[in-house]
Amino acid sequence: MAQSTYQSVVLAKRPTSLIVPGETFTVKEHKALTAADLRDGEVLVDTLYLSLDPAMRGWLNGEDLPRLT
């Protein structure tokens, strides 16, 4: 059976040095979509793995992403 809700982690405040639990990020709960909720051209994706990259620290600090040429 599919879950009826899911959680997302959202950046609440850019850190100035260390990441502070409960302050830097917030956890939000959302109602999960079903196939009946989809409009034409939309799809549901079930994520099995998530990668956390060290470069994300730079993104938290507002640094620009490197551009591929």
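**Reading salt bridges and a pocket**

Colleague: I'm looking at K13, which is partly exposed, with a relative accessible area of 46%. How do I read that label?

Modeller: First, keep in mind that this is a predicted model. As for the label, partly exposed sits between buried, under 20%, and exposed, over 50%. K13 has 46%, so the label fits.

Colleague: Which residue does K13 form a salt bridge with?

Modeller: Its partner is E23, and the closest N and O atoms are 2.7 Å apart. Such a pair counts because the nitrogen and the carboxyl oxygen lie within 4 Å. K13 and E23 are 10 residues apart, both in the loop between β1 (5–11) and β2 (25–31), and the pair links distant parts of the chain. E23 is partly exposed too, with a relative accessible area of 39%.

Colleague: How many salt bridges does a search of the whole structure find?

Modeller: Three. Another one joins D37 to K31, where the closest N and O atoms are 3.8 Å apart. Here D37 is partly exposed at 34%, while K31 is exposed at 60%. Then there's E42 with R39, whose closest N and O atoms are 3.5 Å apart. E42 is partly exposed, at 35%, and R39 counts as exposed, at 62%.

Colleague: Let's step back to the chain. Which pattern does it follow along the sequence?

Modeller: Reading along, you meet β-β-α: two strands and one helix. As for burial, 7% of the 69 residues are buried. The chain exposes about 6700 Å², with carbon and sulfur atoms supplying 57% of that area.

Colleague: And how do I read contacts along the chain? What share join residues at least 24 apart?

Modeller: Take the contacts between residues at least 6 apart in sequence: 42% of those join residues at least 24 apart.

Colleague: Now pockets. How much space lies in the second largest pocket?

Modeller: About 260 Å³. To read a pocket, look at the residues that line it. Among the lining residues here are V9, I19, F25, L50, D53 and R57.

Colleague: Which element gives the most to that lining?

Modeller: Helix α1, residues 56–60, with three residues.

Colleague: How does the lining divide into nonpolar, polar and charged residues?

Modeller: Eight are nonpolar, two are charged and none is polar. D53 and R57, both in the lining, count as charged because Asp and Arg belong to that class.

Terms used. Residues numbered from 1 in each chain as written. Predicted model: local features only at pLDDT ≥ 70, side-chain atom pairs only at ≥ 80, totals over all residues. Heavy atoms only, no water. 1 Å grid on protein atoms, 1.4 Å probe; cavity = no way out; pocket = protein on both sides within 12 Å on 5 of 7 lines; lining within 4 Å. Points joined across faces, edges and corners; volume = space filled by probe spheres on them. Helix = DSSP H or I, 4+ residues; strand = E, 2+ residues; numbered from the N terminus. Salt bridge = Lys/Arg side-chain N within 4 Å of Asp/Glu carboxyl O. Buried < 20%, exposed > 50% of the residue type's maximum accessible area, 1.4 Å probe, protein only. Contact = heavy atoms within 4.5 Å. Areas by Shrake-Rupley, 256 points an atom, 1.4 Å probe, with all protein chains shown as cover.
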